[in-house]
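Q: I have a protein model open and do not know where to start. Can you show me how to read a few of its features?

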Amino acid sequence: MAHIIDGKKISAEIRAEIAADVAKMKEGGKTPGLAVIIVGENPASKVYVRNKGKGCEEVGMYSEIIAMAEETTEAELLAKIAELNERCDIHGILVQLPLPKHINERAVIEAISPEKDVDAFAPVNIGEMMLGTAAFLPCTPAGIMELLKRSGISAEGKECVVIGRSNIVGKPIAQLLLTANGTVTICHSRTKNLAEVTRRADILVVAIGKADFVTGDMVKEGAVVIDVGMNRRADGKLTGDVDYATVEPKASAITPVPGGVGPMTITMLLRNTLTAAEKYGK
Ligand code: NAP
């Protein structure tokens, strides 16, 4: 039977550590602050933004949610970011994606000061990650590495297979596993003989966005399986990219959905905000 990697528990432990560091920082007269900008009325985005605000509150950080209308122009959004870049009480700035189609996402991300880019989506921070010198790592991949570390699982010398090559999950987690001395293979929709590749994996990370896609026959006995997927079933229930029923009996460790990778993402955002305040805050 697989060890269930409990993302809720690990996330709670890390939030307690962050809260203690925030309390210490406040004694010194500084409070870490996060600004979250949301443009438009996307219901899922609204939930994510609310949860980010709640997360800040839980660890004692200051947060500001800036809701802008759907018809906000790119220039107006850039002006708001410029204002936040200058503020001493704001150490992290996050623009909730996706943005309305008339706004250039890349221009917006690049407008955030790299020292406040707590999502770590800006090209300069992606470059720093490649060099192994980043102050902030992208939140979901950083959360996965923390789950592995706190579960006593090392990537060193292991065959690591990542399915998915998105800029926010697949590519950065592959890089972090490489930095951790794994031997990394990245698979995607054009990969031939996918199951042959995934069966080589000691550590398999799945981030494709297709419910129950990875089945037991695609996994080696004893593999560590990290399921990043978050898919809504017709009945409203959340499910991963991994078919838990057939994969769990073969895995040595596995993340459930919900309660695995999901809880870690906001926790890593909070940690990045704390780091921003420690490293760059006035
Ligand atoms: P994405 O941008 O849609 O990328 C999906 C990737 O999967 C692409 O690289 C695609 O290949 C690959 N893929 C699709 N079908 C495939 C197939 N049949 N075989 C092999 N590869 C295939 O998705 P994402 O943003 O990385 O998100 C992936 C999942 O993680 C989603 O369910 C998302 O909701 C979830 N997620 C969770 C969190 C969290 O906090 N837990 C955070 C972010 C994302 P191509 O590049 O060739 O098209």
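A: We will take helix packing, empty spaces, a covered helix and some backbone details in turn. Keep in mind that this is a predicted model.

Q: How are two packed helices described?
A: Two packed helices are described by the angle between their axes and the distance between the axes. Here, take helix α1 (residues 7-27) and helix α2 (residues 43-59). Their axes come within 8 Å and cross at roughly 60°. That crossing makes α1 oblique to α2.

Q: Which residues make the contact of α1 and α2?
A: From α1 come Arg15, Ile18, Ala19 and Val22. From α2 come Gly55, Glu58 and Val59. By class, the contact has four nonpolar residues, one polar and two charged.

Q: Those positions on α1 are spaced out. What is the general idea there?
A: An α-helix has 3.6 residues a turn, so residues three or four places apart point the same way. Look along α1 and find Arg15, Ile18 and Val22, which are among its contact residues.

Q: How is empty space found?
A: Rolling a probe the size of a water molecule over the atoms shows where empty space is left. In this structure, a search finds two cavities of 30 Å³ or more.

Q: What lines the largest cavity?
A: The largest cavity has a volume of about 60 Å³. Its lining is made of Ile93, Leu94, Val95, Leu97, Ile109, Ile112, Asp117, Asp119 and Phe121. Strand β4 (residues 92-95) gives the most, with three residues. Seven of the lining residues are nonpolar, two are charged and none is polar.

Q: And what lines the second largest cavity?
A: That cavity holds about 30 Å³ of space. Ile38, Val39, Gly40, Asn42, Ser45, Gln96 and Pro98 line it. Its lining has three nonpolar, four polar and no charged residues.

Q: What about pockets? How big is the second largest pocket?
A: Its volume is about 280 Å³. There are 16 lining residues, and the closest to the centre are Ala142, Met145, Glu146, Lys149 and Arg271. Two elements give two or more residues to this lining: α6 (139-150) and α10 (262-280). The largest share, five residues, comes from α6. By class, the lining has 10 nonpolar, three polar and three charged residues.

Q: How many residues of helix α7 are buried?
A: Buried means under 20% relative accessible area. Helix α7 (residues 170-179) is mostly covered, with seven of its 10 residues buried. They are Gly170, Pro172, Ile173, Ala174, Gln175, Leu176 and Leu177. These buried residues pack against α5 (123-131), α6, β5 (159-163), β6 (183-187) and β7 (203-206).

Q: Which backbone details should I look up next?
A: Start with the cis peptide bonds. One joins Leu97 and Pro98, with omega about 0°. Pro98 lies in the loop between β4 and α4 (105-111). Pro98 also helps line the second largest cavity. Another cis bond joins Val257 and Pro258, again with omega about 0°. Find Pro258 in the loop between β11 (253-254) and α10.

Q: Where do I find positive phi in residues other than glycine?
A: Try Ala120, with phi near 60°. Ala120 sits in the loop between α4 and α5. Then try Asn181, with phi near 70°. Asn181 lies in the loop between α7 and β6.

Q: Are Ala120 and Asn181 buried or partly exposed?
A: Ala120 has 2% relative accessibility, so Ala120 counts as buried. Asn181 has a relative accessible area of 46%, so Asn181 is partly exposed.

Note on methods. Residues are numbered from 1 along each chain as its sequence is written. This is a predicted model: local features need pLDDT of at least 70, side-chain atom pairs count only at pLDDT 80 or more; totals for chains, interfaces and linings use all residues. Side-chain values use heavy atoms; hydrogens and water are left out. Axes are lines fitted to C-alpha atoms, for helices over the stretch in contact, and angles run from 0 to 180 degrees between N-to-C directions. Helices (H or I, at least four residues) and strands (E, at least two) are DSSP runs, numbered from the N terminus. Angles under 35 degrees count as roughly parallel, over 145 as roughly antiparallel, 65 to 115 as roughly perpendicular and the rest as oblique. Contact means heavy atoms within 4.5 Å. Ala, Val, Leu, Ile, Met, Phe, Trp, Tyr, Cys and Pro count as nonpolar, Asp, Glu, Lys and Arg as charged, and the others, Gly among them, as polar. On a 1 Å grid over the protein atoms alone, a cavity is a set of points where a 1.4 Å probe fits but cannot get out, and a pocket is an open set with protein on both sides within 12 Å along at least five of seven lines; lining residues have an atom within 4 Å of a point. Grid points are joined across faces, edges and corners, and a volume is the space filled by probe spheres set on the points. Buried means under 20% relative accessible area, exposed over 50%, partly exposed in between (1.4 Å probe, protein chains only).
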